[in-house]
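Trainee: I'm new to this one and would like to know where the labels come from. Can we take a look together?

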Amino acid sequence: MTTPDETDNPEEISTILARMGGVLLTEDTLDAVLDLISSLARSTIQGADAVSVTLVRDGKIITAAYTDDSVMQLDSVQYENHSGPCVSALDEGVVIDSKKLAEETRWPEFRVVARDNGIAAVRSSPLKVHDRAIGALNLYSRSSRGFDESHEIVELFGNQASIILANAEAYTSSELLNEQLREALRSREMIGQAKGILMEREGCSADEAFDVLRRASQNSNKKLRDIAKEVVSSAAREPR
Amino acid sequence: VHELVGFEAARQQAMLSFDDLWIRYLGLGGEATHDEMRGYVEGTARPSSHEHDVLAHALNERFMDMDMDSPVPYSRP
């Protein structure tokens, strides 16, 4: 339920988040957007005193965004010992919720650091892309009431962060594909020109021109496109 | 000694996905779509002798990158 004194209402927040969801992001802008999501989460979710986003990047678990310096300590002790709510959320792909860290028996190393930072409750939601957890949204609270009252908005943030991650992943792979396609088309163009030159010079068909280039490539152990380039530049040097 | 192998065995040995192979094939002037090429590789469709050789060369250039002999035979000498 929305109370009148709340400054941000969930509907407005969901509109902002939904707008961000459609954007393809590079790694740098991704981190900036995750920072924004973390701050929005902290100001919107009741009881959230510190927020961070854990990601697996290049096979390593890292904190990609955080609202407070204390979070770095809370997160890194989990990564170092591979034990803690955010590590479990990642490994198991389920929400890990602990309202009373003081009574918790799991994660001994993490509990010490949490206690030192006055953290009483934690909730880590997995961020999933194609059903695979690739990160976690971590909420830390000084109050032992936990986050049950804001259950829906917590889920909303988790879902939107997942969509943004999926888009960032799509960006990386589409960028790579674009580059490979551009290379392929350049090569194809070069080979097409070389075939045209050979057809005119040798009076042969396009397929036969390809055979000439292909045999030269085989015999010299050079790429066919490099052979084609040589043919094209030698023709360009010839006076007409 | 070259051990001559079929397209699918060569594709696996070359560790190329169908997407990777198709982009290489396209770059050499191949005319078939991704799915048509996949049919050639898997043996469910027959390429013309020219398309066969373009595909063979795409694989053999990959073996060139891997410093291996070219094991895929051409249909023309």
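**How the labels are earned**

Mentor: Let's start in chain B: E42(B) and R38(B) sit 4 residues apart in helix α3 (residues 34-42), so about one helical turn separates them. Keep in mind that this is a predicted model.

Trainee: What makes E42(B) and R38(B) a salt bridge?

Mentor: The cut-off is 4 Å between a side-chain nitrogen of Lys or Arg and a carboxyl oxygen of Asp or Glu. The closest N and O atoms of E42(B) and R38(B) are 3.3 Å apart, so the pair qualifies.

Trainee: And why is E42(B) called partly exposed?

Mentor: Its relative accessibility is 41%, and partly exposed runs between 20% and 50%, so the label fits. R38(B), with 33%, is partly exposed too.

Trainee: How do you know that L165(A) is buried?

Mentor: L165(A) has a relative accessible area of 4%, and buried means under 20%, so that settles it. Leaving aside neighbours within four places in sequence, its contacts include L30(A), L55(A) and I134(A).

Trainee: L165(A) lies in helix α6 of chain A. How do you know that the span of α6(A) agrees with what is expected?

Mentor: At 1.5 Å a residue, its 52 residues should span 76 Å, and the end C-alpha atoms are 75 Å apart, so the two agree.

Trainee: What makes R214(A) and D53(B) a salt bridge?

Mentor: Their closest N and O atoms are 3.5 Å apart, and the limit is 4 Å, so they count. This pair crosses between chains, from helix α7 of chain A to helix α4 of chain B. Both R214(A) and D53(B) are buried.

Key
Residues are numbered from 1 along each chain as its sequence is written. Chains are lettered from A and ligands numbered from 1 in the order in which they are written. This is a predicted model: local features need pLDDT of at least 70, side-chain atom pairs count only at pLDDT 80 or more; totals for chains, interfaces and linings use all residues. Side-chain values use heavy atoms; hydrogens and water are left out. Helices (H or I, at least four residues) and strands (E, at least two) are DSSP runs, numbered from the N terminus. Buried means under 20% relative accessible area, exposed over 50%, partly exposed in between (1.4 Å probe, protein chains only). Contact means heavy atoms within 4.5 Å. The expected span of a helix is 1.5 Å times one less than its number of residues.
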